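Me: Hey, can you walk me through this structure? I'm new to this, so plain words please.

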Amino acid sequence: MKRLQQTLCTQTDSFSYTVVGEETPIYHVDSSGYLSERGKEIGEFCLGDNQWHLRIDGVIVDSGPANGMFYLPEFEMKALTALINKT
């Protein structure tokens, strides 16, 4: 099972995700919630009525906890860890 390390860039308010033991980030989430994999945009994190969702190709593939508006970094980590281990 692959694990990810999350890094916050305070200048751009974005997160990068690197597989533990590797040096190059595999995922990047910009300050608008757009998700890139190895530099190619593949989806976005968006807020629904009361929870975050991960959409890839316009389809919701994962959702955060209800009333979890303030848990985006935690949800990103969980969703991207599931995504990297699915492929």
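Reply: Sure. One term to begin with: a contact, or touch, means heavy atoms within 4.5 Å. Also keep in mind that this is a predicted model.

Me: Ok, got it. So which residues does F45 touch?

Reply: Leaving out residues up to four places away in sequence, F45 touches V29, S32, G33, L35, W52, H53, L54, L72, F75, E76, A79 and L80.

Me: And the largest nonpolar core, which residues have the most contacts inside it?

Reply: Those are L4, Y27, L35, F45 and L80, in a core of 19 residues. Two or more residues each come from β2 (14–19), β3 (27–29), β5 (40–47), β6 (52–56) and α1 (72–86).

Me: Which element gives the largest share of this core?

Reply: That's α1, with six residues.

Me: Is there some general idea behind a core like that?

Reply: Yep, in soluble globular proteins, nonpolar side chains tend to be buried together.

Me: Switching topic: how much space lies in the largest pocket?

Reply: About 150 Å³. There are 13 lining residues, and D13, D30, S31, L72 and E76 are the closest to the pocket's centre.

Me: What classes of residue make up that lining?

Reply: A mix: six nonpolar, four polar and three charged residues. Both β2 and α1 supply at least two residues of the lining, and the largest share, three residues, comes from α1.

Me: You mentioned S31. Where does S31 lie?

Reply: S31 is in the loop between β3 and β4 (34–37). Not counting residues up to four places away in sequence, S31 touches T12, D13 and S14. The C-alpha atoms of S31 and F15 are separated by 8.1 Å, with their positions 16 residues apart along the chain.

Me: Is S31 buried or exposed?

Reply: S31 counts as exposed because its relative accessible area is 53%, and the cut-off for exposed is over 50%.

Me: Cool. What about salt bridges, how many are there?

Reply: The count comes to two. In one of them K78 pairs with D62, and the closest N and O atoms are 3.1 Å apart. This pair links distant parts of the chain, since K78 is in helix α1 and D62 is in strand β7 (residues 59–63), 16 residues apart.

Me: Which residue does E37 form a salt bridge with?

Reply: E37 pairs with R38, and there the closest N and O atoms are 3.9 Å apart.

Me: Why do such side chains pair up at all?

Reply: Side chains of opposite charge can pair when their charged atoms come close.

Me: And how exposed are those residues?

Reply: R38 is exposed, at 64% relative accessible area. E37 is partly exposed at 24%, and K78 is also partly exposed, at 46%.

Me: Last topic, Q5. Where is Q5 placed?

Reply: Q5 is in strand β1 (residues 4–9). With 47% relative accessibility, Q5 counts as partly exposed, because that class runs between the buried cut-off of 20% and the exposed cut-off of 50%.

Me: What does Q5 touch?

Reply: Its contacts are S16, Y17, T18, V20 and M77, again not counting residues up to four places away in sequence.

Me: And how far apart are Q5 and T81?

Reply: In sequence they are 76 residues apart, while in space they are 9.5 Å apart, C-alpha to C-alpha.

Note on methods. Residues are numbered from 1 along each chain as its sequence is written. This is a predicted model: local features need pLDDT of at least 70, side-chain atom pairs count only at pLDDT 80 or more; totals for chains, interfaces and linings use all residues. Side-chain values use heavy atoms; hydrogens and water are left out. Helices (H or I, at least four residues) and strands (E, at least two) are DSSP runs, numbered from the N terminus. Buried means under 20% relative accessible area, exposed over 50%, partly exposed in between (1.4 Å probe, protein chains only). A nonpolar core is a set of buried Ala, Val, Leu, Ile, Met, Phe, Trp, Tyr and Cys residues joined through side-chain atoms within 4.5 Å. On a 1 Å grid over the protein atoms alone, a cavity is a set of points where a 1.4 Å probe fits but cannot get out, and a pocket is an open set with protein on both sides within 12 Å along at least five of seven lines; lining residues have an atom within 4 Å of a point. Grid points are joined across faces, edges and corners, and a volume is the space filled by probe spheres set on the points. Ala, Val, Leu, Ile, Met, Phe, Trp, Tyr, Cys and Pro count as nonpolar, Asp, Glu, Lys and Arg as charged, and the others, Gly among them, as polar. A salt bridge is a side-chain nitrogen of Lys or Arg within 4 Å of a carboxyl oxygen of Asp or Glu.
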